[in-house]
Amino acid sequence: MTNIENAVALIHTFASGDVEKAKNLLAEGYIQHNLAYGTGRDAFISSVAALASAPVKTTVNNIRAFEDGDKVFLQTIYNFAGAGEQVAFDIFRFDENGKIAEHWDNLAAKADPNPSGRTQIDGTMELKDLDKTDANREVVKHFLYDVMQGNRPEKTPDYFDGDTYIQHNTGIADGLSGLGAALAALAEQNIQMIYTTVHQVLAQGNFVLAVSEGTFGGMPTSYYDLWRVEDGKIAEHWDVMETIADKSTWQNQNGKF
């Protein structure tokens, strides 16, 4: 099986309760960056077993799956033991033996459609432009530096095809104009969305996922942004923002990133 198939198989063990399958897919020294869970293979297997014994069955619906080197990145809807639907990005790193050795993620509650009627998961599915993977990654890296980190905000229009920008953020309308209006509304409330550090930029073809750290309204925040790049311009965007839990509550000491 491919790494993508193995990563998808692993998340489906949350629904199936198949602890043996999870054990076979994971490296013994599995490193967990979801701060609500312990680290190591045994901790993952314990959570699979716990979900299997819950009165309400867990559901897993993978939407998109991509691969970049030794990492797989997924967009998925989870409902853990009936606690409510969550949209997630998961990143899994595979070791040299083909075992899943490390995991990062961001989760947020599934929300109503945004002002343009788009959801957190709909939109373009087609993976293409595999020969442009590295070029598209560079577009997003420069966009993060210039625009999201605020180093050269005047260059913002250079990254878009006019006002053509499909937006899946829960509170923002389509277009560069929609993004500008949303940021202005936040500024009026004295809320700043700050990106300080970019930790990972993963890409396959026309899709690029960036993992960034910063603050939102002063709260430490993890940003997972998935962009679709078309002809060198940013064309579509999905995201999950998550407030980083206070260190006193962490179930592992690996850190969010």
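The legends below describe close-up views of a predicted model.

**View 1. The aromatic pair of phenylalanine 14 and tyrosine 78.** Aromatic pairs in the structure number 14. In the pair shown here, the ring centres of phenylalanine 14 and tyrosine 78 lie 6.2 Å apart. The pair is classed as edge-to-face because the ring planes stand at 80°, and an angle over 60 degrees meets that description. Phenylalanine 14 belongs to helix 1 (residues 3-16) and tyrosine 78 to strand 3 (residues 71-79), so that the contact joins distant parts of the chain, 64 residues apart. Both residues fall under the 20% limit for burial: phenylalanine 14 has a relative accessible area of 12%, and tyrosine 78 has a relative accessibility of 2%. Ring pairs also connect these two residues with Tyr30, Phe44 and Phe80 in a cluster.

**View 2. The salt bridge between aspartate 174 and arginine 118.** A search of the whole structure gives twelve salt bridges. In this one, the closest N and O atoms of aspartate 174 and arginine 118 are 2.7 Å apart. The two residues come from distant parts of the chain and are 56 residues apart. Aspartate 174 is located in the loop between strand 6 (166-167) and helix 5 (175-188). Arginine 118 is located in the loop between strand 5 (100-109) and helix 4 (133-148). Aspartate 174 is partly exposed at 22% relative accessibility, and arginine 118 is likewise partly exposed at 26%.

**View 3. A salt bridge within helix 4, between aspartate 134 and arginine 137.** The closest N and O atoms of this pair are 3.2 Å apart. Aspartate 134 and arginine 137 are separated by three residues, about one turn of the helix. The two partners fall into separate accessibility classes: aspartate 134 is exposed, with a relative accessible area of 52%, whereas arginine 137 is buried, at 12%.

**View 4. A network of salt bridges that includes arginine 228 and glutamate 230.** Salt bridges link Lys128, Arg228, Glu230 and Glu236 in this network. Between glutamate 230 and arginine 228, the closest N and O atoms are 2.8 Å apart. Glutamate 230 is partly exposed, with a relative accessible area of 25%, while arginine 228 is buried, with a relative accessible area of 8%.

**View 5. Glutamate 67 in strand 2 and its contacts.** Strand 2 covers residues 59-68 and contains glutamate 67. The relative accessibility of glutamate 67 is 27%, which places this residue in the partly exposed class. Neighbours within four places in sequence being set aside, glutamate 67 is in contact with Asn3, Ile4, Val72, Phe73, Ala203 and Gln204. Alanine 83 lies 16 residues from glutamate 67 along the chain, and the C-alpha atoms of the two are separated by 29 Å.

**View 6. The largest cavity.** One cavity of 30 Å³ or more is counted, and the largest cavity has a volume of about 120 Å³. Its lining comprises 15 residues, of which Met148, Leu179, Met193, Asp225 and His237 are the closest to the centre. Helix 4, strand 7 (193-204), strand 9 (219-230) and strand 10 (233-243) each give two or more residues to this lining. By class, the lining of the largest cavity has ten nonpolar, three polar and two charged residues.

**View 7. The largest pocket.** This pocket has a volume of about 340 Å³. Of its 24 lining residues, Asn34, Tyr37, His103, Asp105 and Leu107 are the closest to the centre. Two or more lining residues come from each of helix 1, strand 1 (26-32), helix 3 (41-52), strand 4 (85-94), strand 5 and strand 10. The lining of the largest pocket divides into 14 nonpolar, six polar and four charged residues.

**View 8. The second largest pocket.** About 180 Å³ of space lies in this pocket. The residues that line the second largest pocket are Val147, Met148, Leu179, Leu183, Leu186, Ala187, Ile191, Gln192 and Met193. Helix 4 and helix 5 are the elements that give two or more residues to the lining, and the largest share, four residues, comes from helix 5. Eight of the lining residues are nonpolar, one is polar and none is charged.

Definitions and conventions: Residues are numbered from 1 along each chain as its sequence is written. This is a predicted model: local features need pLDDT of at least 70, side-chain atom pairs count only at pLDDT 80 or more; totals for chains, interfaces and linings use all residues. Side-chain values use heavy atoms; hydrogens and water are left out. Rings of Phe, Tyr and Trp (its six-membered ring) pair if their centres lie within 6.5 Å; planes under 30 degrees apart count as stacked, over 60 as edge-to-face and the rest as tilted. Buried means under 20% relative accessible area, exposed over 50%, partly exposed in between (1.4 Å probe, protein chains only). A salt bridge is a side-chain nitrogen of Lys or Arg within 4 Å of a carboxyl oxygen of Asp or Glu. On a 1 Å grid over the protein atoms alone, a cavity is a set of points where a 1.4 Å probe fits but cannot get out, and a pocket is an open set with protein on both sides within 12 Å along at least five of seven lines; lining residues have an atom within 4 Å of a point. Grid points are joined across faces, edges and corners, and a volume is the space filled by probe spheres set on the points. Ala, Val, Leu, Ile, Met, Phe, Trp, Tyr, Cys and Pro count as nonpolar, Asp, Glu, Lys and Arg as charged, and the others, Gly among them, as polar. Contact means heavy atoms within 4.5 Å.
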